[in-house]
Amino acid sequence: RESDHRAWTPVSYTVTRQNATVQGLTEGKAYFFRIAAENIIGMGPFTETTKEIVIREPITVPDRPEDLEVKAVTKNSVTLTWNPPKYNGGSDITMYVLESRLIGKEKFHKVTKEKMLDRKYTIEGLKEGDTYEYRVSACNIVGQGKPSFCTKPITCKDEIAPPSIDLDFRDKLIVRVGEAFSLTGRYSGKPAPKVTWLKDDIVVKENDRTKIKTTPTTLCLGILKSVREDSGKYCVTVENSTGSRKGFCQVNVVDRPSPPVGPVIFDEVHKNHMVVSWKPPLDDGGSEITNYIIEKKDAHRDVWMPVTSATVKTTCKIPKLLEGREYQVRIYAENLYGISDPLISDEMKAKDRFRVPDAPEQPIIKDVTKDSAVVVWNKPYDGGKPITNYIVEKKETMATRWVRVTKDPIFPSTQFKVPDLLEGCQYEFRVSAENEIGIGDPSPPSKPIFARDPIAKPSPPINPEAVDKTKNSVDLSWQPPRHDGNGKIIGYLVEYQKVGDEEWKKANLTADSCPETKYKVTGLTEGLTYKFRVKAVNAAGESEPAYVPDPVEVKDRLEPPELILDANMAREQHVKAGDTLRLSAVIKGVPFPKVSWKKEDHEVSPKADIEVTGVGSKLEIRNTVHEDGGIYSLTAENPAGSKTVSVKVVVLDKPGPPRNLQVSEVRSDSCYLTWMEPEDDGGSVITNYVVERKDVASAQWVAISSTSKKRSHMAKYLMEGTQYLFRVAAENQFGRGPYVETTKPIKAIDPLHPPGPPKNLHHVDVDKTEVSLVWNRPDRDGGAEITGYLVEYQEDGADEWTKFQTVPMLDCVVTGL
């Protein structure tokens with residue numbers, strides 16, 4: 001019956017099978033059906049369909065999905081995609097079922113557990129190296145359709161491919177300025193490579209003119225309106241984890257050159273030609289300069305005339321000029337890509353600019369000897385070209401011909417020693433200068449000179465004085481003359497004159513009897529007054545006399561000693577140990593005093609060098625030590641008296657060793673050190689003490705304090721049970737003194753005390769001749785393990801205790817009572 005009718009319509013009465021085909025139904029309508037069984041007795045009850053059935057075309061399972069593909073493989077995953085079946089069986093696809101089979105096994109296993117409608121799936125958690133094949137089925141309301149065709153066997157491994165590169169450009173690229181250029185190509189690789197562009201090893205960045213475009217398979221660098229600075233070596237790098245590939249292109253952006261670099265230099269200027277030079281352009285436009293174009297122009301006309309366009313040198317001769325006219329030159333640089341802007345010169349007049357040098361001034365002659373003379377002149381004007389040589393000529397005064405003194409060039413010196421003169425002849429000299437144009441006029445002749453060794457009388461001796469006298473003699477002293485007249489001083493003549501007389505008497509008859517600058521005049525009369533004078537003598541004769549300033553009365557003289565102290569004899573003299581001690585004083589007195597040095601009223605050390613001269617005394621001690629310090633005295637004594645001066649000398653040295661190094665308060669990890677300052681502080685305040693320790697088993701001392709000014713130190717951080725030595729040294733500004741060391745090793749342990757008394761002593765049993773005792777451990781063990789207990793007993797009323805025995809345990813039985 002139709003679902004909306006109540007009446008049933010019979011379909012068949014003769015069905016003997018358990019199925020039947022109902023025909024004549026209307027598509028889209030809903031029907032109920034019922035069936036009854038019948039036998040010879042009659043018809044049984046009907047069975048009815050539980051729900052209505054809508055009449056439609058028949059529904060089947062879907063076809064197999066299509067185009068199952070592997071999209072990506074790694075060592076533990078596989079990604080698959082597919083397309084839906086061509087026919088869905090008349091019902092919408094409700095899910096897809098993906099299955100895999102391990103190669104070597106028979107069964108497929110379902111991969112997807114959840115209901116999946118996506119047509120892409122990544123299977124994860126696979127084992128590296130395993131090989132699988134895959135298939136996928138579609139499901140609709142009817143059921144699961146046929147599986148797709150299987151994939152090829154797929155092995156789980158990372159899919160890698162080294163980068164490859166295919167470039168569209170060659171190694172070199174030439175581009176004109178203003179044009180655009182691009183560098184393109186293709187690349188591949190797994191995993192996807194990174195693309196980097198470099199220019200001259202610097203990363204290229206995008207800007208208004210520079211564009212970079214990279215797709216998964218193509219690469220491109222483009223530059224718009226190129227400029228010269230875009231020239232360089234471009235490099236593209238394609239890189240992934242498996243390696244890298246590079247491509248190179250040398251790009252040369254070319255242009256016409258920049259102008260030649262000025263100024264234009266006029267190397268030569270003549271009345272009919274010039275030679276000019278210039279410097280190449282700063283920028284050749286990226287292409288070698290092929291030639292320079294040179295043009296000339298009369299400064300008062302507007303027409304430029306070609307000179308040459310075929311030179312590659314940076315110098316050029318400008319010919320066919322008219323004398324006196326002013327000219328300008330302009331120069332272009334040319335390369336394959338064009339001609340530069342011009343470089344234009346200043347105006348230059350066509351005339352001979354250079355000439356031979358002027359004549360030098362009259363030369364001066366000096367240092368004349370019997371066979372040579374030195375000619376000296378001033379440099380003349382060089383005529384515009386550097387002087388390259390001087391020509392010196394000589395002529396005997398009475399001769400007419402000038403002779404060159406040497407064929408060798410004389411330059412740049414403006415003096416020359418002329419050799420090979422004839423002794424006694426009279427000569428004149430003249431000088432000419434030469435440059436590349438030629439030889440100039442000679443100078444006026446010099447003043448005539450005779451070729452002979454020059455000698456003159458010496459000048460007078462200097463500062464004659466009477467330095468000593470007796471009742472019949474006077475000691476004179478002087479200094480040599482300032483000028484010896486170019487002759488050796490043979491000696492001196494000494495003369496004297498009694499005051500009131502006019503006649504001078506000779507004290508020595510010949511100069512060679514007084515070669516020294518002193519003389520003792522004897523044979524004088526006591527009580528008279530005399531004047532003295534001295535002359536110097538050389539081969540040319542005697543000098544003018546030099547007079548002793550004041551007349552001298554002849555008599556014995558006595559002067560008490562006088563000491564003039566040098567700076568090193570100040571009241572207190574400090575000298576650093578190892579340096580040299582110098583004490584000195586000027587000593588005066590007549591007669592010259594006897595000199596003696598003392599130290600603390602004793603003789604000075606044998607290592608002292610003592611020097612006494614006619615004017616003073618000096619004491620010197622090299623490599624001083626601290627013991628050289630003390631009070632030094634210098635005594636000068638003669639019949640007129642004596643004089644003594646003293647100086648305290650302090651030799652500054654490192655301090656001595658500290659005294660009385662003691663160790664106390666020894667513990668397991670520390671001890672306390674004390675000491676006294678050194679007897680000798682080296683002449684300087686002690687700045688600090690250096691304390692060091694050493695494990696007796698080690699060779700190395702270790703500093704534990706170096707800055708303390710105190711004379712004690714707590715040595716911490718000792719190792720318990722280790723034996724140590726300690727040492728201390730004092731320091732002042734001159735260094736560290738010797739160490740004082742502990743005499744015996746100190747062991748780092750806590751001090752031991754007797755243990756405390758045992759506690760709770762009582763008896764536990766008594767017999768007629770013995771007692772059993774027990775007790776507890778004392779509260780303190782005194783810093784060491786208890787080794788035993790001494791048991792004593794005393795008879796009641798007695799004074800003495802009797803030792804019984806030492807026991808290790810906390811009980812004892814005392815017997816023999």
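**Notebook: a first look around**

I began with Ser-277, which touches Pro-263, Val-264, Ile-265, Asp-267, Thr-314 and Thr-315, once residues up to four places away in sequence are left out. A reminder to myself: this is a predicted model.

Next I looked up where Ser-277 sits, and found it in strand S22, which covers residues 274-279. Is Ser-277 buried or exposed? Its relative accessibility is 14%, and the cut-off for buried is under 20%, so I noted Ser-277 as buried. I also checked what its side chain does: it makes a polar contact with the side chain of Asp-267, at 2.8 Å. Asp-267 is therefore on my page twice, as it is also one of the residues that Ser-277 touches.

**Lys-488, in a loop**

I then moved along to Lys-488, which has its place in the loop between strand S38 (474-479) and strand S39 (491-498). The relative accessible area of Lys-488 is 74%; exposed means over 50%, so I wrote this residue down as exposed. Which residues does Lys-488 meet, apart from its neighbours within four places in sequence? I found Val-537, Asn-538 and Ala-539 in contact with Lys-488. For Asn-538 I also looked up the C-alpha separation from Lys-488: it is 5.7 Å, although the two are 50 residues apart along the chain.

**A patch on the surface**

My next stop was a nonpolar patch on the surface, formed by Ile-59, Val-61, Ile-141 and Val-142. Together these residues have about 340 Å² of accessible area. I picked out Ile-141 and traced it to the loop between strand S10 (131-139) and strand S11 (154-155). Ile-141 has a relative accessible area of 65%, which is over the 50% cut-off, so Ile-141 counts as exposed.

**Following strand S65**

Last, I followed some strand pairing. Strand S64 (residues 759-766) pairs with strand S65 (residues 771-776) in the antiparallel sense, and I noted 5 bridges for the pair. How many residues lie between S64 and S65 in their hairpin? There are 4. To find my bearings in this hairpin I used Lys-759, which stands opposite Asn-776 in S65.

S65 has another partner to look up: 4 bridges join S65 to strand S68 (residues 811-814), and these two run antiparallel. Here my marker was Val-771, which stands opposite Val-814 in S68. I added one general reminder beside my strand notes: in a regular strand, side chains alternate between the two faces of the sheet.

Note on methods:
Residues numbered from 1 in each chain as written. Predicted model: local features only at pLDDT ≥ 70, side-chain atom pairs only at ≥ 80, totals over all residues. Heavy atoms only, no water. Patch = residues over 30% accessible without salt bridge, like charges linked within 9 Å, V, L, I, M, F, W, Y side chains within 5 Å. Areas by Shrake-Rupley, 256 points an atom, 1.4 Å probe, with all protein chains shown as cover. Salt bridge = Lys/Arg side-chain N within 4 Å of Asp/Glu carboxyl O. Buried < 20%, exposed > 50% of the residue type's maximum accessible area, 1.4 Å probe, protein only. Pairing = 2+ DSSP bridges. Polar contact = N/O pair within 3.5 Å; in protein donor to acceptor, adjacent residues only side chain to side chain. Contact = heavy atoms within 4.5 Å.
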